[in-house]
Amino acid sequence: MKQTPLTAKHRALGGRMIEYAGFEMPVQYTGLVDEHLTVRSKVGIFDLTHMGELELTGPGALATVNFLGCNDASQLQVGEIQYTCLTNERGGIIDDILVYRTEQGFLLVVNAANTAKDRAWIEQHLQPETELVDRSGELSLIAIQGPKSAPLVEEVLGLSTEGLKNYTFVEPTYKGVKVLLSRTGYTGEDGFELYFPNAFAEELWDAFLAHGEKYGVKPIGLGARDTLRLEARMPLYGNDIDEETTPLEAGLGRFVKLHKDFIGRDALQQQKEAGLQRKLVAFTMIDKGIPRQGYPVLTLEGEEVGVVTSGTHSPSLDHPIGMGYVPADLAKPENEIQVQIRKKLARARIIKGRFLA
Amino acid sequence: MSGKLLYTKEHEWVLVKDNIVRVGISDYAQNELGDIVFVDLPSVGDTVEEGEGFAVLESVKAVSDVYAPVSGRVVAVNEELEDSPELINESPLDKGWIVEIEVDGPAQTGDLMNEQEYAEYLKGV
């Protein structure tokens, strides 16, 4: 099992360690609900060093990014970030990633469990004059998320975040070394992600905890990371999206640019023209019970038509919520469906938008 | 009910009074599960088999079965848990009790652990 430079810190903080994507990671410290609510009301810090960072440089870097991803990176300026999906020939999602346009080229931030797969896929499809470097092993990543994240980041790094818009980044120096700070996250709150050499991991982690004390900062485990993203209706790779689902089915159509060529384009074009068979929806439970990944979804008449891909008891709403695939004609806000929870059927209502107001 | 708690290897506790066995989960178990947000209780009158899951506890993250330490018939369920599942976290050995099972004849508790034995057992978990 791989460790991050912060594993000892997590243990010292009482983190309950689990294996995730081959890494030993904290699933929670004080408790999932407490951590979740801390991010919603104050600020939390996350060790996300397990995420992969793949760098593409050279004259063919843009062509490679654009050939592999469904979004169009050609208009990205240095300092801007774009969400995209790597898609296979069938339009299925190999991974959902962030693309950072740097001065040198592109930094692709990929899901931890997919780093090796993505690297192999990209290598296989490198356009001429392109170099791929896997920087996952040398870079640490700390996320700072929550309404108090901006003042905390400003204090620790000694800079202003006022002009730093969502999905943009800067590369300030920390102790003479260039780091990367982006206004991004996976919680639905204002927040930042900071990439830097492993050697600074412990001191930066401690600095965020020390400076954040007055804001009520807490370390946040993977458990709350999952409930935070689900409330924000952000898909999780492996749950809500995978190689058998397409960005169109997953409601990610705004990131699919069919005017350019990329792997999977024809399949997605065809799917769009034929009309979607199924769609990923978000729902809130009407009856008692918590939906979980893999539970069957049925119509009110009792016909099994889909499956739950993510579900939990929302800590913010104190109410069970979920996401899942249903036939397209059923996938409309306010429509009612049923979820089979063990031996019982429980009604749920499809919602529009995210779970939080 | 009063008396001495006995523990199973699956971290349930039982309290025996005559042929009524009250069942809950241990402090260790509630701590492992984290904040319990939903309890799926059996119905009074249900029959349960020793070793079979008869109730489900859900934390935000996980779903866990509670296994019957004895065979018998459910004669009472802790209905307060429906609206206050957190009672299991706050008071696992008392207010967080889950069910009472009526057994035929004297309850077979010979292979259950007493407090000291359970404490020893936890060291090896």
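## Strand β6 and its hairpins

How many of the nine residues of strand β6 (residues 93-101) of chain A are buried? In this predicted model, eight of the nine are buried, and the strand is thus mostly covered.

Two neighbours flank this strand in the chain. Strand β5 (residues 81-87) of chain A pairs with β6(A) in the antiparallel sense over seven bridges, and Q82(A) stands opposite V99(A) of β6(A). These two strands form a hairpin with five residues between them, and G91(A) in the turn has a positive phi of about 85 degrees. On the other pairing, β6(A) runs antiparallel to strand β7 (residues 105-110) of chain A, to which four bridges join it. Here Y100(A) has L107(A) of β7(A) as its bridge partner, and the hairpin formed by β6(A) and β7(A) has three residues between the strands.

## Nonpolar core

The largest nonpolar core has 45 residues. The members that touch the most other members are F46(A), Y83(A), Y100(A), I241(A), L252(A) and V256(A). Y100(A) is also the residue paired with L107(A) in the β6(A)-β7(A) hairpin.

Contacts of L252(A) with residues more than four places away in sequence comprise Y83(A), C85(A), I93(A), P235(A) and P247(A).

## Domains and the barrel of chain A

Chain A is assigned domain 1 (7-51 + 137-231), domain 2 (52-111) and domain 3 (277-351). The centres of domain 2 and domain 3 of chain A, taken over C-alpha atoms, are separated by 33 Å.

Six strands of chain A close into a barrel with antiparallel pairing, in the order β16-β19-β18-β17-β20-β21. Neighbouring strands of this sheet are turned against each other by 45 degrees on average, direction ignored. Within the barrel, strand β16 (residues 278-285) of chain A and strand β19 (residues 319-327) of chain A pair in the antiparallel sense over seven bridges; in β19(A), V326(A) is the bridge partner of K279(A). Helix α7 (residues 222-231) of chain A packs on the sheet and touches β18 (304-314) and β19 of chain A. The direction of helix α7 makes about 120 degrees with that of β18(A).

## Salt bridges

Over all chains, the structure holds 30 salt bridges. One of them joins E203(A) and K175(A), whose closest N and O atoms are 2.7 Å apart. Because E203(A) lies in helix α6 (residues 201-212) of chain A and K175(A) in the loop between β11 (173-174) and β12 (177-178) of chain A, the pair ties together parts that are 28 residues apart in sequence. E203(A) is partly exposed at 29% relative accessibility, whereas K175(A) is exposed at 61%.

A further salt bridge links the side chains of E336(A) and R349(A) at 3.8 Å, N to O. E336(A) lies in strand β20 (residues 336-341) and R349(A) in strand β21 (residues 344-351) of chain A, so this bridge ties together parts that are 13 residues apart in sequence. Both residues count as partly exposed: E336(A) has a relative accessible area of 27% and R349(A) one of 31%.

In chain B, the side chains of E120(B) and K123(B) meet in a salt bridge (3.0 Å, N to O). Both residues lie in helix α4 (residues 115-123) of chain B, three residues apart, about one turn of the helix. E120(B) is partly exposed at 49% relative accessible area, and K123(B) is exposed at 66%. Salt bridges that share partners also form one network, which joins D287(A), E334(A), E336(A), R347(A) and R349(A).

How values were computed:
Residues are numbered from 1 along each chain as its sequence is written. Chains are lettered from A and ligands numbered from 1 in the order in which they are written. This is a predicted model: local features need pLDDT of at least 70, side-chain atom pairs count only at pLDDT 80 or more; totals for chains, interfaces and linings use all residues. Side-chain values use heavy atoms; hydrogens and water are left out. A nonpolar core is a set of buried Ala, Val, Leu, Ile, Met, Phe, Trp, Tyr and Cys residues joined through side-chain atoms within 4.5 Å. Buried means under 20% relative accessible area, exposed over 50%, partly exposed in between (1.4 Å probe, protein chains only). Contact means heavy atoms within 4.5 Å. A salt bridge is a side-chain nitrogen of Lys or Arg within 4 Å of a carboxyl oxygen of Asp or Glu. Domain bounds come from an automatic or database domain assignment. Two strands pair if DSSP finds at least two bridges between them. Axes are lines fitted to C-alpha atoms, for helices over the stretch in contact, and angles run from 0 to 180 degrees between N-to-C directions.
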